[in-house]
Amino acid sequence: MSLESLIRLWRAHPDSAPNFSIWQTTPARRAQTHPFPDDLPDALRAALSRRGIDSLFDHQLEAWTHARAGRNVVLATGTASGKTLAYNLPVIASLIANTDARALYLFPTKALAQDQLSTLADLNLQAFQPSNIPTAIYDGDTAQSQRSSIRRNARIILSNPDMLHTGILPHHTNWADFFKSLRYVVIDEMHTYRGVFGSHVANVIRRLKRVAKFYGAQPQFILTSATIGNPKELAERLIESAVELIDNDGSSRGERHFLLYNPPVIDEAIGLRKSSLLESVRLAKDLIANDVQSVVFARSRRSVEIILTYLQEESRNSVLDSRKPNTESSNIVHPIRGYRSGYLPGQRREIEKGLRDGTVKTVVATNALELGIDIGGLGAAMLVGYPGSIASLTQQTGRAGRGEAPALAVLVASASPLDQFLAHHPDYFIGKSPEQALINPDHLLILLNHLRCAMFELPFQKGEGFGSLPAKTTEEYLEFLAFNNEAHFSQKKYFWMSDSYPAANISLRSASPANVVLQTTDDPVNSLRTGRPQVIGEVDLASAYWMVHPNAIYLHEGQQYFVHDLDLEKNIASVTAVALDYYTEAQRETEIQILSSNAQAAVHGGEKGHGEIQVTTQVVGFKKLRWFTRENLGEKPLDLPPTDLQTTGYWLSLSDSTIETLREAGTWTNDPNDYGRDWPRIRLAVRTRDGFRCQVCGAAETDREHDVHHKIPFKAFTSAAEANRLDNLITLCPACHRSVEQNVRMRSGLAGLSYVLSQLAPLFLMCDPSDLGVHTDAAGSIRGLPAVFLYDQIPAGIGFSQKLFEIHDELMARALELVGECECKDGCPSCVGPGGENGYGGKQETIEVLKRLAVSDPASSTS
């Protein structure tokens, strides 16, 4: 069995072939090679020969030439094109020539640093004569006992921006010899440094160059990037120096197949498609059956674990049957593994090794495997849903194939409006240039934090700038810090006032630097030996509220864990391994308050605005969902504290005249219900009949009266008398009422508008859908007018809301196009979202709202 047999199967099989809306084949490409340059040191020639390398690709030779001429370089070539060798050669050559020279390699993850250490070990640098080149990793996992020796002896340090930020720059006096001789800085996987993370990293580089200059060094930079739209611009924004762009990929490549699979519609009336997740499982089984080593990319950690569970469940019996009688199960490496954040480093290294040596045949991963970790040559990559950007699509599909072997990549479209829009308009991403990676190093909150760090590291001289920030502007910010008693001005210098170093409290990646540790006592032998519970993983604090709340089912490498307790003071979740027939899904409520408005403007049908907002979110309960069928097995309330996010948002409110027009047309369903004069008597009669108890959970009334709920929504009837029949009414406690309303409420045009905008906006912002939050405000907090909010999911924002404000007309036009073209009758996951259990979808209401918001020619609008 092989990739060729799989391709024949998918082209012919009736369950698969009709659903491949795109099947694009790219022919193989020959390598463009050149002899070694004359000035390549003999030691390097010998090391390369031992590895079977006797020539360089086009881009490798070009990188050598520019680097040897002292220029900064950015390499933007494909996955597995040999970028690592392209930067290693000039760095090592320089260290051979100058026995004092040092180099710093920065990787976005610890895993990549480990991977590249192995690559350098293959070159046997310590055997080079006369220049011994010790190499070491210096990150959070480095033992304290080894750190002093590494600082003193290592000539190539492999680290990450986080460690540079907190563990190296604040303690630069311990690194004086290293910084005096710093010749090269390599920044690998540069494309990951975008948005907030990239803005932080750009400031860390400013601090690095400032400290190096203090010690008399001016290092040269080599950067590498996956395919993005602006590699030269991003590189120059990160290091604030000119760079030479190398993007002519001279490596060889085998035949590549790119497929787009759109799951079939199984109910045309409601537009219901087969689950993209379950269809991906089916296609992954074909890959496994044809012995094609594969990676399956899922959008979320939970999706990884669900897909992994499905695949492992089917293969478990065959794996057990194939074991030798005396083989210990602990020595068996399962051929199907998961890979995501939250796994311990040892687990990830084991999985990476299994992919390289072939013992792991299939890995289900988040974008944690999108980066250039060496996992060997995979035959196929499957993407469960559009990954959010063309750059990520290119990077993930590029994980399949190495060298001249053929490979296949398949994108399985989900039912989301974005995926369906792309499935029907492939020209939006096929053949299009990848998105630009954007950063803003001068974002006020980020910049102030790094000015604090830089001032701790070295006092600021009066008249000194900070990177490209002019001296005058820098001084204004330093004066602000002095006014706040964080800085002191004396003898024409600004000094840091506190004993503690500020970097310790600043996370480069997250609004919350804290993580919740997952502990279990399931292994009594280990717990007895160590005297403490076993740690199985960790979750960032922001995610802990919905992932490991009390009574949650947490999934880790396909194993279910029941969460007994979440201690938010100690940041510990206590879990126990279980085997249950359900998983859990958290339910959240959100409130938004506008703090300030940066801009407002009248638009067709309403008003748009953007500014600072406060988002308050609370996990209020959870659902138990049966495996495979997603049958709702029950819902329970939770009492967790709310979390606040101060960020920037874009909002759209409907005008009074628009609402009145919609009312007259019968397409406005957000007004409060008028249950009639007899409603108090009817409520009492229903509660009395039901014994003043919730008919879902059985809770008795306390100080607050229970609610009375309409089984079929009130607005579905033409009269209150018909809607208020006793057989259509039921007593529910507030928590159960809230849950039931979410399931069966009639979807309004406002809710449909909110759904489609939140799904479509990431395409125009070129961001991940998880970067945006959405809130529907039917109550009308903006001068009593109903509104929709889209907001940045990061503190202080990064500019998405302003961009939405600017592209408002284009967004409305495309939303109307998407909903209008959808073939469903009354709403589905591919347009305005699914209707409730009683099928009220709100599609027509959404179309009518969009007709009043959209302009006929958005390009001509000046709104």
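**Exercise 1. Determine whether Glu-240 is buried, partly exposed or exposed, and describe its backbone and its place in the chain.**

Solution. Glu-240 has a relative accessible area of 25% and is therefore partly exposed, where buried means under 20% relative accessible area, exposed means over 50%, and partly exposed lies in between, with a 1.4 Å probe and protein chains only. The model is a predicted one, in which local features need pLDDT of at least 70 and side-chain atom pairs count only at pLDDT 80 or more, while totals for chains, interfaces and linings use all residues. Residues are numbered from 1 along each chain as its sequence is written, and side-chain values use heavy atoms, with hydrogens and water left out. The next step is the backbone: phi of Glu-240 is near 55°, a positive value in a residue other than glycine. Most residues other than glycine have a negative phi. Finally, Glu-240 is placed in the loop between α10 (231-239) and β10 (244-246), helices being DSSP runs of H or I with at least four residues and strands runs of E with at least two, numbered from the N terminus.

**Exercise 2. Carry out the analysis for Gln-491: what is its phi, and where does it lie?**

Solution. Phi of Gln-491 is near 50°, again a positive value in a residue other than glycine. Gln-491 belongs to the loop between β20 (487-490) and β21 (493-496). With a relative accessibility of 73%, Gln-491 counts as exposed.

**Exercise 3. Describe how α9 and α16 pack, and which residues meet.**

Solution. Begin with the geometry: helix α9 (residues 195-214) and helix α16 (residues 444-457) pack at an angle of about 25°, with their axes 10 Å apart. That angle makes α9 roughly parallel to α16, a term for angles under 35 degrees. Turning to the contact, in which heavy atoms lie within 4.5 Å, the α9 side includes Val-196, His-200 and Arg-207, and the α16 side includes Ile-446, His-450 and Glu-457. The residues of this contact divide into eight nonpolar, four polar and four charged.

**Exercise 4. Identify the buried residues of helix α3, and the residue with positive phi that follows the helix.**

Solution. In α3 (residues 58-68), the buried residues are Asp-58, His-59, Gln-60, Ala-63, Trp-64, His-66 and Ala-67. After α3 comes Gly-70, whose phi is positive, near 85°. For the wider setting, buried residues make up 53% of the 863 residues in the protein chain, whose secondary structure comes to 27 helices and 34 strands.

Notes
Axes are lines fitted to C-alpha atoms, for helices over the stretch in contact, and angles run from 0 to 180 degrees between N-to-C directions. Angles under 35 degrees count as roughly parallel, over 145 as roughly antiparallel, 65 to 115 as roughly perpendicular and the rest as oblique. Ala, Val, Leu, Ile, Met, Phe, Trp, Tyr, Cys and Pro count as nonpolar, Asp, Glu, Lys and Arg as charged, and the others, Gly among them, as polar.
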